[in-house]
Amino acid sequence: DASGAHSFRTQDLAAWRAGALGIEGRSDAVVKIRGHRIDLAGVEACLAACAHVRDCAAVCHEQTLWACVVSHSLADVAAFCRDAFAPESRPALLPVEAVPLTHTGKKDRIRLCRDLPEMIRATPSDAHDVAVTNGSAADGHAPNGHRAPNGRRAPTGHSTPNNDSPI
């Protein structure tokens, strides 16, 4: 900037449309959930360090951070996440057989986001209990109406604060 003022790269993508500036998205994989900025690539890198994770993909859906995880032991991954993540960035775990890929071999996040509600419904309820006790329920929020760690249920699509959460 010639005026000498500072400028900052925000990673936001924008385009001029009909004389107005429109936000198109971001050039990185940072999401904001309940006031916290979370880097999805950082979540995936941390999960990849877990010996029990063969593959994973992190996505944000309805203000909940989800980690779709290929693992033989979801309980061990949940224990790893309790130690590795701060409560506000701890993902809810969703077991998957494989992370979907695009035709170029990259993780297909668009497909994951589109299919996530059905994947959650199709997952056995005992897996949800493990996933939610580790997930964004860590701060007392039960994602998508599944059982929270203390046995209470939050309404589908909403988050309910709970100060009695053991996590």
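1. A good way into this predicted model is through its contacts: among those between residues at least 6 apart in sequence, 50% join residues at least 24 apart. One pair to look up while you have the structure open is aspartate 76 and cysteine 50, which sit 26 residues apart in sequence and have C-alpha atoms 8.9 Å apart in space. Aspartate 76 belongs to helix H2 and counts as partly exposed, at 34% relative accessibility.

2. Now the overall parts list. You'll find four helices and seven strands, and from the N terminus on they run β-β-β-β-α-β-β-α-β-α-α. Of the 167 residues, 37% are buried. The protein exposes about 9,500 Å², and carbon and sulfur atoms supply 53% of that area.

3. Have a look at the hairpin of S3 and S4. Strand S3 covers residues 30–33 and strand S4 residues 36–39, and the two pair in the antiparallel sense over four bridges. For a landmark, take valine 31, whose bridge partner in S4 is isoleucine 38. Two residues lie between the strands of this hairpin, and arginine 34 takes a positive phi there, near 45°.

4. Next comes helix H1, residues 40–48. Which of its residues are buried? They are Leu40, Val43, Glu44 and Leu47. These residues cover an arc of only 95° around the axis, so they end up on the same side of H1. Their cover includes S3, S4, strand S5 (53–61), strand S6 (64–71), helix H2 (74–84) and helix H3 (109–122). Check the start of H1 too: a side-chain oxygen of aspartate 39 comes to within 3.2 Å of the backbone nitrogen of alanine 41.

5. Then there's the open sheet, made of three strands in the order S5-S6-S7 with mixed pairing. S5 and strand S7 (92–95) are its edge strands, since each pairs on one side only. On average, neighbouring strands of this sheet are turned by 30° against each other, direction ignored. S6 and S7 pair in the parallel sense, over four bridges. To find your place there, look for cysteine 68, which stands opposite leucine 94 in S7.

6. What packs on that sheet, touching S5, S6 and S7? That's H2, and its direction makes about 160° with that of S7. H1 lies across S5 and S6, running at about 155° to S5. Worth keeping both helices in view together when you turn the model.

7. Last, a couple of backbone angles I'd check by eye. Most residues other than glycine have a negative phi. Alanine 18 goes the other way, with a positive phi near 50°. Where is alanine 18 found? In the loop between strand S1 (12–17) and strand S2 (20–26). Is alanine 18 buried or exposed? With a relative accessible area of 90%, it is exposed, because the cut-off for that class is over 50%.

8. Glutamate 62 is another one for that list, with a positive phi near 50° in a residue other than glycine. Glutamate 62 is found in the loop between S5 and S6, and at 47% relative accessibility it counts as partly exposed.

Conventions:
Residues are numbered from 1 along each chain as its sequence is written. This is a predicted model: local features need pLDDT of at least 70, side-chain atom pairs count only at pLDDT 80 or more; totals for chains, interfaces and linings use all residues. Side-chain values use heavy atoms; hydrogens and water are left out. Two strands pair if DSSP finds at least two bridges between them. Buried means under 20% relative accessible area, exposed over 50%, partly exposed in between (1.4 Å probe, protein chains only). Contact means heavy atoms within 4.5 Å. Accessible areas come from the Shrake-Rupley method with a 1.4 Å probe; for residues, only the protein chains shown count as cover. The arc is that of the directions from the helix axis to the C-beta atoms. A polar contact is a pair of N or O atoms within 3.5 Å; within protein, one must be able to donate a hydrogen and the other to accept it, and residues adjacent in sequence count only if both atoms are side-chain atoms. Axes are lines fitted to C-alpha atoms, for helices over the stretch in contact, and angles run from 0 to 180 degrees between N-to-C directions.
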